[in-house]
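Reader: I've got the structure open and a few questions about how it's put together. Mind walking me through it?

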Amino acid sequence: TVLRKDLKDVAEVAAARARGIADEKDLRRSGDLIRKIQPFALVRGAGIRSTAVHRDYRYPRRLEFEGRGTNEYGPDATLLPAVEEVKGEIYIRAESLLDRLMVDLAE
């Protein structure tokens, strides 16, 4: 349980950046898009997701990939660009978490 909380804290870095990107791109259509971008942690790792629904469809997925052309993601994407932008900080925090875990296990 503690490890999942710590992993979620690492993922919060990317979630916060994704909320910032959505705000910068003025994607605040209903307020749900930004508010529903949240970190999550599972047994195998952590990540970010948005569970916003607009007019009965999950529009964050559409925003991530619609109109992508030659890019990996669409022009209104928030989650994937956020992870790319803060990848270095995520690695540093994850390494720190692993170091703390090793110390705890060694004791």
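Reader: Which residue lies over the face of phenylalanine 40?

Author: Keep in mind that this is a predicted model. For a charge to sit over a ring, CZ of an Arg has to be within 6 Å of the ring centre and within 35 degrees of the ring normal. At 4.2 Å from the centre of the phenylalanine 40 ring, the one lying over its face is arginine 49.

Reader: OK, and how many aromatic pairs are there?

Author: Ring centres have to lie within 6.5 Å to pair. By that rule, the count is zero.

Reader: What stands opposite arginine 49 in the strands?

Author: Strand β1 (residues 37-42) and strand β2 (residues 45-50) run antiparallel and are joined by six bridges. They make a hairpin, with two residues between them. Arginine 49 belongs to β2, and opposite it stands glutamine 38.

Reader: Which side chain makes a polar contact with the side chain of arginine 19?

Author: Arginine 19 is part of helix α1. Not counting neighbours within four places in sequence, its contacts are Glu12, Ile34, Ile37 and Gln38. A polar atom of the arginine 19 side chain also lies 2.6 Å from isoleucine 37, but there the partner is the backbone oxygen. The side-chain to side-chain polar contact, at 2.4 Å, is with glutamate 12.

Reader: How far apart in space are arginine 19 and aspartate 32?

Author: In sequence, the two are 13 residues apart. Going C-alpha to C-alpha, the distance between arginine 19 and aspartate 32 is 11 Å.

Reader: Now the largest nonpolar core: which element gives the largest share?

Author: That core has 19 residues, and Ala18, Ala22, Ile37 and Ile48 touch the most other members. Two or more residues each come from α1 (2-24), α2 (32-35), α4 (79-85) and α5 (87-106). With eight residues, the largest share comes from α1.

Reader: Alanine 22 touches a threonine, leaving out residues up to four places away; which one?

Author: With those close neighbours left out, alanine 22 touches Leu27, Leu33, Ile34 and Ile37. The threonine it touches is Thr78.

Reader: Is threonine 78 buried or exposed, and why?

Author: Threonine 78 is in the loop between α3 (59-65) and α4. Its contacts beyond four places in sequence are Ala18, Ile21, Ala22, Leu27, Ile37 and Glu64. The cut-off for buried is under 20% relative accessible area. Threonine 78 has 4% relative accessibility, so it counts as buried.

Key: Residues numbered from 1 in each chain as written. Predicted model: local features only at pLDDT ≥ 70, side-chain atom pairs only at ≥ 80, totals over all residues. Heavy atoms only, no water. Pairing = 2+ DSSP bridges. Helix = DSSP H or I, 4+ residues; strand = E, 2+ residues; numbered from the N terminus. Phe/Tyr/Trp six-rings, centres within 6.5 Å; stacked < 30°, edge-to-face > 60°. Core = buried A, V, L, I, M, F, W, Y, C linked by side-chain atoms within 4.5 Å. Buried < 20%, exposed > 50% of the residue type's maximum accessible area, 1.4 Å probe, protein only. Contact = heavy atoms within 4.5 Å. Polar contact = N/O pair within 3.5 Å; in protein donor to acceptor, adjacent residues only side chain to side chain.
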